[in-house]
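Student: I have a protein model open and I'm not sure how to read it. Could we go through some features together?

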Amino acid sequence: MPLITTTSELELACARFAALPFVTVDTEFMRETTYYSKLCLIQMAGPGVEGVLVDPLAPGLSLDPFLALMTDPRAVKVFHSGRQDVEIIWHLGHVIPSPLFDTQVAAMVCGYGDSVSYEQLANDLAKARIDKSSRFTDWSRRPLSEAQTLYALSDVTHLVPVYEKLLDELERTGRSHWLDDEMAVLTSPDTYRADPDQAWQRLSGRMRKPREIAVLMEVAAWREREAQTRDVPRSRVLKDEAVIDVAVSAPRSVEALGRLRSIPNGFERSRTGQDILAAVERGLARDPATIPVAQRSRGGRGGAAATVELLKVLLRAVSENEGVAPKLIAGVDDLEEIAADNTARVPALSGWRREVFGEQALALKAGRVGLSIDRGRVVTFERPAAEPDQAE
């Protein structure tokens, strides 16, 4: 199939898709040498129409018709594990596809586990087998091979019946609204804004000392801005290991920076080395009131740890009984919060999650529900109310 390489061709294709009830969308991109993903191919398909491939690298091609389609309220935009695809679209035109449906999230609600692959869904629901050999090829090279073209089209053509069958199942079980929270995250621009001031969080690990956290905040923010400005991967600026070493040791001189094993030889005397030292000084000068307090695990000791373990068993039992992926109901952090506080403000204690799990979790803590084994499966049972003490 030839690629769409002109704006007029793209306009015609997008007008056709906009008139459909839904359009399946996927992208191929590369990110090995850049901070932002390099979009190399766009694939679209829909019910009753042939799939199309769009070449975003074609000279003179405007993607405005595609961006307009992504926000057209008439057609649902269907992705599988679409976070990276949506991120690319957000950076292209600062728009979020809407209305949006993610088949991986839907599959979690329909009992396919925590992170079901598109290949499995295509096999189970579309009775199709996908040749994955082209997945990691160079999508920026032209012309595309026949194998690349077939693979790219399969990512959206088989998604049509996958979506239809998952939608039928959600409507049959009355669980369509169970996707609302996840769709809200996927359609929030905040999900795709890389805030340099928050970059430290992915590296904080077990750091507990305010001084270390303060330096980490400044060095990680500097690295994030540098990577964004230069459009290179973070590791090209400074590797994670080096950022952590700098945060822990807080070097204040060229010599001290150069003594760190994770800093390349001579790096400390470069402009980048000076930038790192400046970031260290900013961290050390931070107002202690602006340094976040390290959160220790609430499930780490004594009875709280035992309660968390019981809640994990209950979560597994509930997820198996309901046919829902455990992580869609609650994460470990949620369980720790519930173990410590019956009124914790976590998703597991609100909405449909409270109905299927949260109420049982609180009942388990209160001793009103117990756990037992029935033919190899964990099941819950109501415990009889304790009789009041009799006065002698």
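**Reading the model, feature by feature**

Tutor: Let's start with a side chain on the edge of being covered: Glu-322 has a relative accessible area of 25%, so Glu-322 is partly exposed. Keep in mind that this is a predicted model.

Student: Which residue does Glu-322 meet in a salt bridge?

Tutor: The partner is Arg-175, at 2.9 Å from N to O. The pair joins distant parts of the chain: Glu-322 belongs to helix 14 (residues 302-322), Arg-175 to the loop between helix 7 and helix 8, and they are 147 residues apart. Arg-175 has 13% relative accessibility, so Arg-175 counts as buried.

Student: How many salt bridges are there?

Tutor: The count comes to 22. Another one pairs the side chains of Arg-202 and Asp-240, at 3.6 Å from N to O. Arg-202 is in the loop between helix 8 and helix 9 and Asp-240 is in helix 11 (residues 240-249), so this pair ties together parts 38 residues apart in sequence. Both ends are partly exposed: Arg-202 has a relative accessible area of 48%, and Asp-240 has 30%.

Student: What about a salt bridge inside one helix?

Tutor: Here's the general idea: an α-helix has 3.6 residues a turn, so residues three or four places apart point the same way. Now the case here: Arg-172 forms a salt bridge with Glu-169, with the closest N and O atoms 2.7 Å apart. The two are three residues apart in helix 7, which means about one helical turn separates them. Arg-172 is exposed, with a relative accessible area of 61%, while Glu-169 is partly exposed at 27%.

Student: Which residues are linked in a network of salt bridges?

Tutor: That network takes in Glu-226, Arg-230, Arg-271 and Asp-275.

Student: Let's move to rings. How many aromatic pairs does the structure hold?

Tutor: There are five. To read a pair, look at how far apart the ring centres are and at the angle between the planes. For Phe-101 and Tyr-163 the centres are 4.9 Å apart and the planes are at 80°, so the pair is edge-to-face. This pair also links distant parts of the chain, with Phe-101 in strand 5 (residues 100-102) and Tyr-163 in helix 7 (residues 159-173), 62 residues apart. Phe-101 and Tyr-163 are both buried.

Student: And why is the pair of Trp-178 and Trp-352 stacked?

Tutor: Check the angle again: the planes of Trp-178 and Trp-352 are at 5°, with the ring centres 4.0 Å apart, so the pair is stacked. Trp-178 sits in the loop between helix 7 and helix 8 (180-186) and Trp-352 in helix 17 (residues 351-366), so you have distant parts of the chain linked, 174 residues apart. Trp-178 and Trp-352 are buried too.

Student: Which residues do ring pairs link into a cluster?

Tutor: Phe-22, Phe-101 and Tyr-163. Rings can also have a charge over them: the charged end of Arg-16 sits over the ring of Phe-17, 5.5 Å from its centre.

Student: How should I read a whole helix? Is helix 9 mostly covered or exposed?

Tutor: Count its buried residues: 16 of the 21 in helix 9 are buried, which makes it mostly covered. You can check its span as well: helix 9 (residues 210-230) reaches 30 Å from its first C-alpha to its last, close to the 30 Å expected at 1.5 Å a residue. Just after helix 9 comes Asp-231, with a positive phi near 50°.

Student: What do the buried residues of helix 3 pack against?

Tutor: Their neighbours are strand 1 (22-30), strand 2 (38-46), helix 2 (64-70), strand 4 (76-79), strand 5 and helix 8. Among the buried residues of helix 3 (residues 83-93) are Val-86, Ile-88 and Trp-90. His-94 follows helix 3, and its phi is positive, near 55°.

Student: Last one: where is the confidence low?

Tutor: Look at residues 297-302, where pLDDT stays under 50. For the protein chain, the mean pLDDT is 92, and 95% of its residues reach 70 or more.

Conventions:
Residues are numbered from 1 along each chain as its sequence is written. Side-chain values use heavy atoms; hydrogens and water are left out. Helices (H or I, at least four residues) and strands (E, at least two) are DSSP runs, numbered from the N terminus. The expected span of a helix is 1.5 Å times one less than its number of residues. Buried means under 20% relative accessible area, exposed over 50%, partly exposed in between (1.4 Å probe, protein chains only). Rings of Phe, Tyr and Trp (its six-membered ring) pair if their centres lie within 6.5 Å; planes under 30 degrees apart count as stacked, over 60 as edge-to-face and the rest as tilted. A charge sits over a ring if NZ of Lys or CZ of Arg is within 6 Å of the ring centre and within 35 degrees of the ring normal. pLDDT is the predictor's confidence in each residue, from 0 to 100. Contact means heavy atoms within 4.5 Å. A salt bridge is a side-chain nitrogen of Lys or Arg within 4 Å of a carboxyl oxygen of Asp or Glu.
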